[in-house]
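Let's take a stroll through this protein, starting with the whole chain and then stepping inside. Keep the 3D view open as you read.

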Amino acid sequence: MPSRQDKPLNDGLRIVDRGKAGGGWASDADFQASVKKNFDFTGADGLKQAKEKAVRENLPLVVVVTSQNTKDGKQLVDNVVPSAKNGDRKAIYVQVKKEDLAADPELAKAAGQIQTNDTAFTGIFAPKQTPDGKIQLGDVMCNTWGARADIPSILRDQLGSAQFTMDSRKALNVQDNKLDPQKKDDQAKPKTPSLDNPFGPRQPDTEKDTKKENEPAKDVVEQRKREDAAEAKVTPLVKNLIDVMKELKSNPTDARREELFVAAEKAADEIAKDPEALKLFQDKAKRELQEKIAKGEKGPDAEQQVKDLQARVTLLDLASTANSWTRLQHGLSLMQANKNDEGIAKIKEGADKNKAANPLKDPQFVKALLETPLAKQNLEELKKKLPEVKFDEKKEPTDKKEDPEAQKREQELFARLSTAPKKIMEPLAGLTQTSNPAEIDAAYKKAIDLAADKALKQDIKAANEILEARKKQALARANGGTPDEATRTELEQIEKDMQTIKKIDQLDGYLSISKGAFHLKNNKDNPNPGVEDVRRGLEMQPELAGNEAVIAKLKDTGYDTAKLKEWFPKLGVTDGGKTETDKEDGKAKAKDFDSVMERLAERHKSNLAPFQKLGQSPDKAAVLAAFDEAIASAHQLDPADPKLADKMLKERQAEVRKNAKGPSLSDTEQGQIDKFEREIKSVKNIEQAEAMLRISKGVFELNSDKGAPASGIADIKEGFKLQPDLAKDKDVRDKLLATGVDPKLLREQLPELGPDFGVKPGETKKPDKVHFEGTEFDKASDAALDSKRKMVLKFGTKGCSGCNWMTENAWPDASVQKTLDDNYIFVNIDGLKQKEIREQFQANVWPAVLVVEPYKDAQNKTQYRVVDTMKIEGKDDYSDMNAQALNKFLTDALKKKEEAKR
């Protein structure tokens, strides 16, 4: 049996029944409006543009062929396509009229039946570019006819297979250094680095590449251990400082505020005691950020990870000067309390802790100092006490308008740097498959000379100085606190620019290494010139000794690890040290893995076979018979197989992570993780096949006869019994809604769907429970989200006199209770016992009443927006916080919501 270790399970389907019949649009204008709204491109010309964009962005192409009066067209365009696009699978969508099919023979062949049966066609393609530059549509990956309700889920599933095809194809086309004129089958134009990624992603081209037999060099391992130890030591110290500063922001009493500042200084001093540990942790944080940015990943998750890493770098930068700014803030606090001498002494102490930055000249600090009572009452006295501060200088250099000439020079500087990589790589871009070694050598030499040019290096140095200055200015604006959103965005951009400049700076070394790798690979009889080139590159840029792309490039020369280490001792490669027993065990596991995956693939193929035998216009009886045959096939699945496959796939993911060279996964390693993840999902689909087929059969029956839904509902209920989780699956719920059967009837007959099934956006449902305790906070949040209500958070404790007064005199009032019951989810929180909730909402003074609105963020996590707050502080008499005042606060908060909506 051939190994299928690198073959993903293919869920390719061919759906041949037409689904629901239907008419077209009322007018051509309506048709054009629908198409424009739901597709990226339209028409024959649009198809050409769509193919080009699909190849350029490496995305699958979804082609819908339909015209104004094509059967099922309106249902497909207005309902099915938007539903298919509403998922995490990206693709390019294009609509083509059947009259335009002749313009593209490939599409005409795939969708030719539309000419005879006049039924809308949808196909997924993986376009590709031929060596002569032409774009081919390629074979259809999955095609469907009509507008059946399960097409969206089919498309979303099959886009994964199409994307895998394009990714695999791309991987085969990015290998560089295959220019040996003696080996025609192994030639390829060298990949030109780009400004964003001058090293380029390295994809595996042999099975050996993917085995991860290498580990980091010993010195790298030791450095990582030191960094990890430093992180373990510094993290609790920084957390302690953050906790103290958070409480300070909650406006504690004066006495407590003084205690907290003393604690903040103590925490900052603990951090400062071991500057080496802090520096190691900072280096690790910056390296991980650089590696993450270099990977160039897209999407909300990747962007959030970059932001989190940037926030960590910023936080550690602030921690490095914490023993200074904590004292500065303490001094300002003392002066606000008219303790001027103590405050000024503390400010001077803080300035001494950070003489290099001279914080007393920071405009934000000067502004805060001018807000103190002493500055307002007797500025001259303050000037005498703090002569170091230049109060009369209205604007520091950071606030002055940019010198137009200086600004122009900066713009020219960064413009030169942005075009530098392209100019450097131009000599290599002129190479062809027939270029001889001398031409290649000359091209590399010219590119290296351009990258090492003194003027370019001066530009790089100047750009780094400008960016470092901007970074310091941005951090200074935070004045020791957490940067605001604008500052964080600025810091993120500065960090990206610094990484780009660093890549440009390393190009001379990288190109010298690339030149050496070419000689090593193509001149085995005399490796010395190649060795010298690589050594020269590592001398130019020592950091490249640990660069993953460099290591992969040198391993690709064919020399073993021992020889590479002999030539380049500092290169980050070692022998994996696997024993013969390990290898035999690995072979046995691989064989078991192949066997179980082959069985699952065969079962899946058998499940699909009944539908592939259907004709183009099957009747209802034939489709139901196909469903029954497929269900019988799925029932024969050995339940142990998917469980074993899932376990093996997750073990392989864990092995990739364990053998990773650094804290972040390489492109190759991430590709393996993603491949296994796709197979885990495919295995899950096969495991759920019998249940899903029963549900699909029920949906088909509902679509066929809405007037008699009993049979279809019975089949769906059987599916839910087999796989209860499918009742919450979005695709399943979408299929049921698309049948047009009354959602209320489906909720009654299929209680597994839950009370929220079919509830339209904007509709609300009365929650089963509206009063919760703090220990049930998560349940209260869920109830608020389900019922689209706001939450009323009551903070207090038994020892709080104001809390007790309101509990006895305000909260029990009938009007208050009615407002709560009709409009809110109420949560009674003990401020002492529910510390996490108290800190989350900074409700440290009681009694306190907050109206908050829960919502889901991009990662589907529950967040809270504070609508209004009622706090009662420093009162001896609480009579004015009576039921009438409380009810007015609650009703006003509701009005704020309505006003915001309008």
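## From the surface to a cavity

Add up the accessible surface of the chain and you get about 46,400 Å², with 49% of that belonging to carbon and sulfur atoms. Bear in mind that this is a predicted model. The chain has 902 residues, and 45% of them are buried. Its secondary structure comes to 36 helices and 13 strands.

How do the contacts spread along the sequence? Take contacts between residues at least 6 apart in sequence: 72% of these join residues at least 24 apart.

Now for the holes inside. The count is four cavities of 30 Å³ or more. Let's zoom in on the second largest cavity, which has a volume of about 60 Å³.

Which residues line the second largest cavity? You'll find Leu289, Gln310, Val313, Thr314, Asp317, Lys471, Leu491, Ile494 and Glu495 around it. Here is how that lining splits by class:

| Class | Residues in the lining of the second largest cavity |
|---|---|
| Nonpolar | four residues |
| Polar | two residues |
| Charged | three residues |

Two helices each give at least two residues to this lining: helix 10, which covers 300–319, and helix 19, which covers 485–505. And which helix supplies the largest share of the lining? That's helix 10, with four residues.

To find the spot in your viewer, look for helix 10 (300–319) and helix 19 (485–505), then pick out lining residues, including Val313 and Ile494.

Methods:
Residues are numbered from 1 along each chain as its sequence is written. This is a predicted model: local features need pLDDT of at least 70, side-chain atom pairs count only at pLDDT 80 or more; totals for chains, interfaces and linings use all residues. Side-chain values use heavy atoms; hydrogens and water are left out. On a 1 Å grid over the protein atoms alone, a cavity is a set of points where a 1.4 Å probe fits but cannot get out, and a pocket is an open set with protein on both sides within 12 Å along at least five of seven lines; lining residues have an atom within 4 Å of a point. Grid points are joined across faces, edges and corners, and a volume is the space filled by probe spheres set on the points. Ala, Val, Leu, Ile, Met, Phe, Trp, Tyr, Cys and Pro count as nonpolar, Asp, Glu, Lys and Arg as charged, and the others, Gly among them, as polar. Buried means under 20% relative accessible area, exposed over 50%, partly exposed in between (1.4 Å probe, protein chains only). Contact means heavy atoms within 4.5 Å. Accessible areas come from the Shrake-Rupley method with a 1.4 Å probe; for residues, only the protein chains shown count as cover.
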